[in-house]
Amino acid sequence: MAASPASTVTAEKALSFITKGWREVKDSADADLQLMKDRAKSFKTLASSFDREFENFLTSASRSTFAVPAISATSAPAEIDFVKRLQPKFTEFRRAYSSPDFSRRVLEKWSPRAKLRIDLSAIKNAIVSEVEEFEERERFLRGVRERFKTERENEEGFSKDWEPIKAFKLRLREFEQKNSSSELFGGFSKSEFVDKLKNNLKLILKETNEGNVRADEVPPLDFPELLAHLVRQSEPFLDQLGVSRGISDKIVESLCSKSKSHLRLSSLSSEEASIIESDNINDELDMRIASVLQSTGHCYEGGLWTDSTKHDVSDGKRHVAIVTTASLPWMTGTAVNPLFRAAYLSKSAMQNVTLLVPWLCRADQELVYPNNLTFGSPEEQELYIRRWLEERVGFKADFKISFYPGKFSKERRSIMPSGDTSQFISSKDADIAILEEPEHLNWYYHGKRWTDKFNHVVGIVHTNYLEYIKREKNGALQAFFVKHVNNLLTRAYCNKVLRLSGATQDLPRSEICNVHGVNPQFLKIGEKVAAERECGQKTFSKGAYFLGKMVWAKGYRELIDLLAKHKTELDGFKVDVFGNGEDAHEVQSTAKRLDLNLQFMKGRDHADDSLHGYKVFINPSVSDVLCTATAEALAMGKFVVCAEHPSNEFFKSFPNCLTYKTPEDFVAKIREAMVNEPRPLTPEQQYHLSWEAATQRFMEYSDLDKILTNTDSDSQPKKYNKKMSKSVSMPNISDMVDGGMAFTHYVLTGNSFLRLCTGATPGTLEYDHQHSKDLHLLPPQVAHPVYGW
């Protein structure tokens with residue numbers, strides 16, 4: 001039976017109401033899910049309210065509360081059945097909706113899942129974009145690396161370190177091929193985006209390259225390199241233990257040879273490698289360590305013993321201070337040779353020169369200076385020195401002469417400095433120091449470290465002190481201690497040491513070179529003799545002679561022994577001896593007792609006219625370092641008979657120098673010289689003996705030619721600049737050890753008791769009242785006050 005129109009309308013309204021209620025439930029669920037965390041309690045309250053409303057709805061529906069006409073008997077059963085079928089469904093929905101785990105079940109089963117769905121395609125596109133940008137950056141940086149590495153090295157490193165990137169290479173090429181696409185990246189097309197990225201990366205790369213060496217391109221130091229550096233820095237200790245520098249160098253070379261290719265190519269560019277290609281392994285190791293330190297950004301700014309307050313040479317005028325242990329009128333090598341050095345160095349306009357000599361009080365002058373010559377003031381002695389010098393060099397030398405306090409030691413037969421010698425060179429002039437006999441100057445020196453006050457310190461060794469000390473009582477033991485003390489002093493106070501010959505002690509940082517010349521007066525005498533021979537005149541009317549300070553160590557012992565042993569073979573051979581000294585009486589008594597044909601005379605200047613007629617100069621001494629009298633005799637055109645000894649190595653190239661090895665050979669050389677005539681010196685040989693040549697050798701071997709010509713300028717070779725700057729980049733253990741030695745020496749020499757125990761001259765810790773009066777200094781108690789009781 002068809003339903004009536006009224007029943008149809010009622011059913012439609014019921015369905016519409018139900019549908020509307022369902023939609024409200026659905027919307028409410030969406031809202032509750034989005035605010036579930038913040039409104040959990042509110043959500044449960046809303047659920048309970050909905051449950052009550054829905055129950056009322058069912059109750060009202062069962063009571064036919066809808067305003068509709070009465071239905072017929074035929075349609076009632078159908079309506080009731082519909083409601084009955086619908087009621088259990090709503091009851092089940094109500095039970096599920098009001099359960100405690102409704103939130104979880106709704107999130108898993110109900111329709112809001114569609115609303116919470118994440119669009120993963122957008123995230124995927126973003127990730128792909130980022131990966132492509134990273135891949136583009138890596139590709140560009142890899143291209144830059146390939147400029148500095150070979151193709152093979154790049155491929156090996158790439159396959160080892162960047163294996164994951166290979167997967168994107170194909171995608172990257174496809175990306176580059178699509179540059180013409182109009183697809184935008186942040187407002188730019190693909191091509192514009194890639195160009196902008198490359199420009200930014202170029203700027204970044206430029207800033208990186210300006211920072212010198214990249215850290216990832218410099219491999220770290222390996223164990224052999226570290227060990228080699230440690231061995232080389234430990235040379236001060238090894239030297240004191242008796243390990244020579246040659247053995248240390250061989251150890252360093254052996255360690256570095258294992259990684260030589262690594263050392264040359266790993267951290268140095270091709271330009272740097274070519275710079276040091278001709279250098280030894282020590283320079284290569286220095287460059288290697290410096291490059292590693294620079295790659296880390298490390299810069300060494302000094303250590304425990306350094307002093308940054310040194311002479312400023314910004315005005316371009318350098319200053320050279322020559323400090324010596326003796327002065328005229330004492331005719332000794334350390335008085336004459338430094339004087340000539342100052343004169344010839346002052347001829348150059350590149351530097352000012354100051355000669356610092358000792359001042360002796362009147363009582364000491366009477367003991368030292370010959371012919372009872374004394375001076376009442378430093379100005380009077382300076383005038384004497386300048387007159388003597390100008391008579392011999394033939395020009396007016398423009399240099400300054402200053403004096404420091406000194407005392408004469410009768411036991412050591414030498415002058416010892418009193419107080420701090422360096423204070424007599426002002427700080428503004430403290431640039432380059434030349435220490436004549438550095439060990440002698442510093443034995444009891446108590447003052448500021450020379451290398452702290454001066455920019456460059458050169459020591460010149462004149463005397464073989466070990467040979468003299470061995471002749472004394474307990475000489476072997478004393479020589480052992482003095483040898484090590486000399487090592488410490490020269491290492492602590494000098495940057496460079498020059499030894500006049502191999503007869504001296506082997507000292508740290510030393511080189512052998514004769515930096516002494518001959519007084520020009522002797523060369524003029526030699527020219528005069530050569531001219532007389534050309535005219536047919538007889539130039540030499542006398543035989544043989546010996547000249548030197550009359551002390552046993554100056555060769556008198558050797559001379560007497562040789563003449564006594566071969567008295568028969570040399571019958572009729574006479575030697576005239578010129579000299580004064582402490583052992584004069586004993587020497588003459590010994591010669592008289594042995595009945596030797598020796599005639600003793602007072603000492604005189606070697607250029608004296610009375611000595612020009614002698615043909616043969618005899619010098620059997622083996623204690624000299626470089627005998628000035630031997631050089632002067634050769635310059636005058638005479639024969640020289642001397643022992644084959646390291647002190648005479650420089651003279652062996654001259655044809656008039658006759659060296660002997662044995663006593664029998666001595667007799668043969670004497671006979672050869674007496675029956676022949678000496679050869680005139682060639683111009684080249686004359687120059688080799690001159691002070692001009694000696695000054696040139698000194699400038700070269702002391703490194704002053706580089707220092708005085710501004711090695712920091714851009715005109716200097718890169719090789720030298722590299723060596724000069726590398727020491728700034730790293731600390732030096734050797735420098736720290738040297739500083740420690742200087743500090744220890746300063747502390748020990750500051751104790752008067754220890755000074756006297758080790759043989760220091762009393763009163764040399766500070767200058768005395770007479771020195772302060774003569775040199776116009778502050779009294780000792782004012783200059784160095786003692787505070788306290």
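**Close-up views of a predicted model**

A search of the whole structure, which is a predicted model, finds zero disulfides.

**View 1. Cys657 in a structure for which the search returns zero disulfides.** Cys657 takes part in no disulfide, and the nearest cysteine sulfur, that of Cys642, is 3.6 Å away; a disulfide is a pair of cysteine sulfur atoms within 2.5 Å, so this spacing does not qualify. Cys657 is buried, with a relative accessible area of 9%. Cys361 is likewise buried, its relative accessible area being 11%.

**View 2. The protein chain as a whole, shown for orientation.** The secondary structure of the protein chain comes to 34 helices and 16 strands, and buried residues make up 44% of its 789 residues. Among contacts between residues at least 6 apart in sequence, 71% join residues at least 24 apart. The chain exposes about 42900 Å², of which carbon and sulfur atoms supply 54%.

**View 3. The largest nonpolar core and the surroundings of Leu689.** This core has 77 residues, and of these Leu389, Phe399, Leu689 and Phe698 touch the most other members. Helix α15 (residues 333-345) contributes the largest share of the core, eight residues. Leaving out residues up to four places away in sequence, Leu689 touches Gly517, Val518, Leu523, Ala631, Leu634, Ala635, Phe650, Phe654 and Leu681.

**View 4. Helix α25 and the elements that surround its buried residues.** Helix α25 (residues 628-635) is mostly covered, with seven of its eight residues buried, namely Ala629, Thr630, Ala631, Glu632, Ala633, Leu634 and Ala635. These buried residues pack against the helices α22 (520-534) and α27 (683-689) and against the strands β11 (542-547), β14 (614-619), β15 (639-643) and β16 (657-660). Three residues of the helix, Ala631, Leu634 and Ala635, are among those touched by Leu689. Just after α25, Gly637 takes a positive phi of about 85 degrees.

**View 5. Gln381, a buried residue of helix α17.** Gln381 has its place in helix α17 (residues 378-393) and counts as buried, at 0% relative accessibility. Leaving aside neighbours within four places in sequence, Gln381 is in contact with Ser327, Leu328, Pro329, Trp359, Tyr369, Phe375 and Phe403. The C-alpha atoms of Gln381 and Leu328 are separated by 8.2 Å, although the two residues are 53 residues apart along the chain.

**View 6. The loop between β15 and β16, with His645 and a salt bridge of Glu644.** His645 is found in the loop between β15 and β16, where it is buried, with a relative accessible area of 18%. Not counting residues up to four places away in sequence, His645 touches Ala503, Val622 and Asp624. The side chain of Glu644 meets that of Lys661 in a salt bridge (4.0 Å, N to O). Glu644 lies in the loop between β15 and β16 and Lys661 in the loop between β16 and α26, so this pair ties together parts that are 17 residues apart in sequence. Glu644 is partly exposed, with a relative accessible area of 37%, whereas Lys661 counts as exposed, at 64% relative accessibility.

**View 7. Salt bridges of Lys615 and Arg499, and a network that includes Asp605.** A search of the whole structure finds 18 salt bridges, and one of them joins the side chains of Lys615 and Glu677 (4.0 Å, N to O). Lys615 lies in strand β14 and Glu677 in the loop between α26 (663-675) and α27, so the pair ties together parts that are 62 residues apart in sequence. Lys615 is buried, with a relative accessible area of 7%, while Glu677 counts as partly exposed, at 44% relative accessibility. In another salt bridge, the side chains of Asp506 and Arg499 meet (3.3 Å, N to O); Arg499 is buried, with a relative accessible area of 7%, and Asp506 counts as partly exposed, at 47% relative accessibility. Glu391, Arg392 and Asp605 are linked in a network of salt bridges.

**View 8. A nonpolar surface patch that includes Phe480.** Leu477, Phe480 and Phe481 make a nonpolar surface patch of about 340 Å². Phe480 lies in helix α21 (residues 475-493) and is partly exposed, with a relative accessible area of 48%.

Note on methods. Residues are numbered from 1 along each chain as its sequence is written. This is a predicted model: local features need pLDDT of at least 70, side-chain atom pairs count only at pLDDT 80 or more; totals for chains, interfaces and linings use all residues. Side-chain values use heavy atoms; hydrogens and water are left out. Patches are made of residues with over 30% relative accessible area and no salt bridge: like charges are joined within 9 Å, nonpolar side chains (Val, Leu, Ile, Met, Phe, Trp, Tyr) within 5 Å. Accessible areas come from the Shrake-Rupley method with a 1.4 Å probe; for residues, only the protein chains shown count as cover. Helices (H or I, at least four residues) and strands (E, at least two) are DSSP runs, numbered from the N terminus. Buried means under 20% relative accessible area, exposed over 50%, partly exposed in between (1.4 Å probe, protein chains only). A nonpolar core is a set of buried Ala, Val, Leu, Ile, Met, Phe, Trp, Tyr and Cys residues joined through side-chain atoms within 4.5 Å. Contact means heavy atoms within 4.5 Å.
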